[in-house]
Every structure is written in structure tokens, then in C-alpha cells.
Amino acid sequence: MPLFNHNSPLFICAAAALCPLLFQFLHFACSESFIGVNYGQVADNLPPPAATAKLLQSTSIEKVRLYGADPAIIRALADTGIGIVIGAANGDIPALASDPNFAGQWVATNVLPYYPASKILVITVGNEVMTSTDQNLISQLLPAMQNVQNALNAASLGGKIKVSTVHSMAVLTQSDPPSSGTFNPGFGGTMKALLQFHQANGSPFMINPYPYFAYQSDPRAETLAFCLFQPNAGRVDSGTGIKYMNMFDAQVDAVHSALNALGFKDVEIVVAETGWPCKGDPTEVGPSLDNAKAFNGNLISHLRSLVGTPLMPGKSVDTYIFALFDEDLKPGPSSERSFGLFKPDLSVTYDVDLSKNSQTPATPATPAPVSPTTPITPITPVPKPAAGWCVPKPGVSDAQLQSNLDYACGQGILGTAISSRPPLLLTLIQAMVSAAILVAIHEEKGILLFG
């Protein structure tokens with residue numbers, strides 16, 4: 001006797017009734033540890049650390065990157081569950097490299113008093129050192145990282161807290177197409193030695209891809225849409241035939257290709273910074289409130305989809321958005337002071353659905369007509385089922401799953417074709433009903449897609 005009567009009105013009504021509940025579960029219960037934010041402090045109007053900690057707890061932001069190791073902030077984040085990246089400044093690198101005792105003292109001062117109550121995840125040694133003009137600093141970077149790692153090991157924190165450094169995209173001499181991604185050969189063996197360190201210690205390669213800067217160098221309307229995750233014609237990688245639909249994926253995959261070219265494709269990539277300014281000088285191309293909202297909002301939706309990138313599918317790269325607040329004392333053009341997601345009074349600069357209170361189950365409205373600054377959220381692919389549920393067998397493609405669901409619907413199981421339903425409902429029905437449908441079909445037709 002079949003397990004499910006798929007023509008039963010009760011089955012159809014149950015599916016319809018459970019859809020909102022399933023969506024709410026997926027939206028609130030699933031971890032979003034891949035969403036982080038940079039907490040810069042080059043400002044004189046920032047809220048107190050305790051108020052900032054409460055703000056972060058009210059959002060789905062689960063990680064914070066500091067550029068230093070401010071004890072007040074680290075203490076304020078204690079017992080919040082929010083992961084913390086702390087940093088040793090470029091100016092600390094010579095002492096860290098030459099004196100293991102200095103590294104030990106740095107860890108004793110900036111880590112041991114706070115961990116594990118404050119969830120320190122990574123120590124970054126320097127920021128964009130490899131693309132600096134200081135060759136001495138470049139040569140001292142790896143010894144500094146090794147001494148910090150040894151200090152952590154001595155404190156029995158090796159493996160619990162990782163050691164890394166942060167790079168700009170300028171470490172790549174080639175990034176277009178993504179499959180041609182290549183590190184600057186001028187680094188000689190230094191980059192390979194850094195990657196060997198990451199591989200040996202399980203630490204991430206941290207880099208700052210900015211579609212914003214890519215658009216500034218190619219300010220066409222189609223490039224803006226590509227950079228903002230908005231509908232566009234896509235760009236085909238001539239090396240792989242893969243069509244990329246957004247600049248973020250293209251940049252991250254270029255980094256993956258560069259790692260692969262040196263034999264380190266399994267080293268984890270972390271996006272240490274990416275963002276878009278909400279305003280700038282009249283002479284600057286790209287900064288605007290609409291563009292910033294489109295980029296960050298669609299980036300967050302893209303990460304939540306768990307679709308990954310074409311070369312690293314099925315997993316969202318940990319991404320730290322720049323930045324938590326505007327930094328009014330930063331030098332340079334106005335855009336440098338205008339990346340903040342929040343204002344000093346803790347209100348949002350623009351809404352990108354980060355507030356836990358604002359995340360309510362709802363079917364998205366019909367998208368507005370496409371324009372260079374109209375934020376359009378991409379279709380969210382099927383979330384990964386939780387452990388213990390029926391899941392597609394390895395190797396089963398989305399197309400195969402969709403084909404079988406279409407077949408099932410053709411048998412009258414859901415009354416109407418899934419493809420005629422709204423995109424979000426499509427996702428929910430696939431996630432909730434596909435297992436039940438295909439189990440029933442298996443009993444009748446012998447189709448074995450689920451295990």
C-alpha cells in the first residue's frame with residue numbers, strides 16, 4: 001500500500017499549510033554564520049561597545065571583524081555567541097616576527113583574558129601587507145604569523161583560534177576570466193609559503209573582493225547590473241564555458257583558480273571585506289543609496305541561498321560586509337566614509353533584511369522593472385535539508401530533481417505545475433514535498449533519486 005495518497009485533498013492542504021511554517025523554520029533556525037561585518041573605528045561618533053553588541057544581537061550578523069583588538073569591544077561581545085576576528089596591526093609585524101616572546105605577550109594580552117567567553121575565531125596578522133610597498137614587511141609576514149600560531153599552540157588554543165592575514169585583490173595579476181585567476185609571480189615563493197601555512201594549520205585565505213571597484217573601472221550600465229546581482233546577460237568564462245551572473249562570484253572564483261593553480265584548492269576562502277558606499281563625491285562613479293542597498297541586500301540573499309559560486313557550489317563563503325558604521329575620520333573621498341550599514345544612533349542606513357524582527361515569512365512582491373539601481377533579489381535555490389531528512393542522492397542535479405517534480409505534478413499530485421507557482425513557493429514546495437512525492441513515485445515507478 002502506498003505510503004502517501006498523493007491525490008488526497010488532505011495531502012495537498014497539509015503541504016499548503018506547512019509551507020509558511022517551513023519557510024519560517026528555514027529563515028530563523030538555519031545558521032547564517034556566513035554573514036559577518038567589519039567594525040572599523042576611524043570615527044569620533046561611534047556608539048558605546050555595549051550598545052553595539054546589543055545591536056548586533058538584534059540582527060542575523062553572526063561574526064564581527066575588528067581591525068585591532070579593542071578590549072572594550074571584545075568584552076562587550078562576551079557571551080553573545082558572536083564570532084570575533086581580531087587583528088595585529090601592520091606596525092606590530094616586525095616585533096611579532098623577530099621576538100616569539102612578543103607574540104606570546106600579544107596573545108596573553110589580547111586573547112587569554114577574554115577567550116572563550118568572547119568567541120575569538122581568527123587573528124589576522126596585518127592588512128593587505130603583500131600589496132604594500134614595504135618589502136621588509138612582506139618578508140616578515142610569515143614569521144610573524146608563525147610566532148602567533150606558536151603562541152596559541154603554547155596556550156592550548158592551536159586549532160581553536162586560526163591565524164591568517166588579509167589581502168587585496170591586487171595579489172592577483174589575472175582575474176578575468178575567473179578560470180585564469182593567477183597570483184602575482186613577483187611574490188616568488190612568499191605566497192606559496194603562506195598557503196602552505198594555511199594548509200598546515202587549517203586557516204583561511206582572507207581577501208577583499210570589491211565589485212564596487214570593478215564597476216568604477218568599467219562604468220557601463222551592464223557592468224553595474226552585473227556587480228549589483230541584478231538581471232543581466234551574464235559573462236561567459238572562455239576557459240570553462242561557465243556563465244557568471246554576478247561579479248562577486250567571478251571574483252571569488254578567480255581567487256579559487258589562483259589557489260588551485262598553486263596546488264592549494266582546498267584552502268578555505270574568506271571574504272574579509274566587500275561592500276558599497278551609499279554616497280560619494282560628485283566626481284565618483286557608483287556611490288548611491290540605491291546601489292548600496294541593491295549590492296548588500298542582494299549579496300545577503302545570495303549568501304542565504306547557499307548556492308555558492310560556480311567553482312565552489314553548495315556552500316556560502318564566509319563574508320564580512322564593509323562596514324558596520326560609517327567612519328567619519330577616514331581620509332580620502334567621501335565614499336570612504338560612507339560604507340556603513342548602520343548610523344551612529346543605531347538606526348539603519350538602509351534596510352537589507354538583517355534585523356531579526358524584520359525577517360517575516362512572506363512571498364516576495366513582483367520585481368520592479370530592471371534599472372541600474374533597482375535592487376532585485378535573485379531566486380533562492382533549494383536550501384540544504386537538515387540532517388536526518390531525506391535528501392537527494394549525491395550527483396543528482398537540480399535539473400533532474402525539477403524534472404521529477406514536474407513529472408509528479410503532471411500526475412495531479414499538487415493540482416498545478418510547480419513551475420507556474422511563484423519562485424519562493426517553488427523553493428518551499430521543493431524543500432518540503434519533494435521527498436514525499438518521490439518516495440511515492442518510487443513505490444509506483446521505481447524512480448530512485450532519494451536515499
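## A guided tour, starting in a loop

Begin by selecting Glu128, which is found in the loop between strand S4 and helix H6; since this is a predicted model, everything pointed out on the way is a feature of the prediction. With the backbone of Glu128 displayed, note that its phi is positive, at about 55°, although the residue is not a glycine. Switch on a surface around this position: Glu128 is partly exposed, with a relative accessible area of 28%.

A comparable stop is Leu346, in the loop between S14 and H12. Phi of Leu346 is near 80°, again a positive value in a residue other than glycine, and the relative accessible area of 30% makes Leu346 partly exposed.

**The whole chain**

Zoom out before going further, and colour by secondary structure: the chain has 13 helices and 14 strands. Of its 451 residues, 47% are buried. If you draw the contacts with a separation of 6 or more, residues 24 or more positions apart account for 71% of them.

**Two cis peptide bonds**

Next select Tyr115 and Pro116, which are joined by a cis peptide bond with omega at about 10°; Pro116 is found in the loop between H5 and strand S4 (120–127). Then move to Asp176 and Pro177, where a cis peptide bond has an omega of about 0°. Here Pro177 lies in the loop between strand S6 (172–174) and strand S7 (182–183).

**Helix H6 and its partners**

Now show helix H5 (residues 100–110) together with helix H6 (residues 135–154), whose axes are 8 Å apart and pack at an angle of about 55°. That angle makes H5 oblique to H6, and the crossing, as H5 passes H6, is right-handed. To see the contact itself, display the side chains of Pro100, Ala103, Gly104 and Val107 in H5, which meet Asn147, Val148, Ala151 and Leu152 in H6. Sorted by class, this contact of H5 with H6 consists of 6 nonpolar and 2 polar residues, with no charged ones.

Keep H6 on screen and add helix H7 (residues 189–201): the axes of H6 and H7 come within 10 Å and cross at roughly 15°. The two helices are therefore roughly parallel to each other, and H6 passes H7 in a left-handed crossing. On the H6 side, select Ile138, Leu141, Leu142, Met145, Gln146 and Gln149, which meet Thr190, Ala193, Leu194, Phe197, His198 and Asn201 in H7. The residues of this contact of H6 with H7 divide into 7 nonpolar and 5 polar, and none is charged.

**Around Cys227**

Select Cys227, which is found in helix H9 (residues 221–227), and inspect its surroundings, for at 0% relative accessibility Cys227 counts as buried. Leaving aside residues up to four places away in sequence, Cys227 touches Pro211, Tyr215, Met247, Trp276 and Phe295. For a distance to check in the viewer, take the C-alpha atoms of Cys227 and Met245, which are 8.8 Å apart in space, with the two positions 18 residues apart in sequence numbering.

**Salt bridges**

The last part of the tour follows the salt bridges, of which the count comes to 8. Start with Arg65 and Glu273, whose side chains meet in a salt bridge at 3.3 Å, N to O. This pair links distant parts of the chain, with Arg65 in strand S2 (residues 63–66) and Glu273 in strand S11 (residues 269–274), 208 residues apart. Both Arg65 and Glu273 are buried.

Go on to Arg304 and Asp353, where the salt bridge is 3.2 Å, N to O. Arg304 lies in helix H11 (residues 289–304), whereas Asp353 lies in the loop between strand S14 (319–321) and helix H12 (398–410), so the pair ties together parts that are 49 residues apart in sequence. Arg304 is buried, with a relative accessible area of 17%, while Asp353, at 26% relative accessibility, counts as partly exposed.

Finish with Asp218, Arg220, Glu222 and Arg235, which salt bridges with shared partners join into one network. Within that group, display Arg220 and Glu222, which form a salt bridge with their closest N and O atoms 3.1 Å apart. Arg220 is partly exposed, with a relative accessible area of 40%, and Glu222 is partly exposed too, with a relative accessible area of 44%.

Definitions and conventions
Residues are numbered from 1 along each chain as its sequence is written. This is a predicted model: local features need pLDDT of at least 70, side-chain atom pairs count only at pLDDT 80 or more; totals for chains, interfaces and linings use all residues. Side-chain values use heavy atoms; hydrogens and water are left out. A salt bridge is a side-chain nitrogen of Lys or Arg within 4 Å of a carboxyl oxygen of Asp or Glu. Helices (H or I, at least four residues) and strands (E, at least two) are DSSP runs, numbered from the N terminus. Buried means under 20% relative accessible area, exposed over 50%, partly exposed in between (1.4 Å probe, protein chains only). Axes are lines fitted to C-alpha atoms, for helices over the stretch in contact, and angles run from 0 to 180 degrees between N-to-C directions. Angles under 35 degrees count as roughly parallel, over 145 as roughly antiparallel, 65 to 115 as roughly perpendicular and the rest as oblique. A crossing is left-handed if the near helix is turned anticlockwise from the far one by less than a right angle, and right-handed if clockwise. Contact means heavy atoms within 4.5 Å. Ala, Val, Leu, Ile, Met, Phe, Trp, Tyr, Cys and Pro count as nonpolar, Asp, Glu, Lys and Arg as charged, and the others, Gly among them, as polar.
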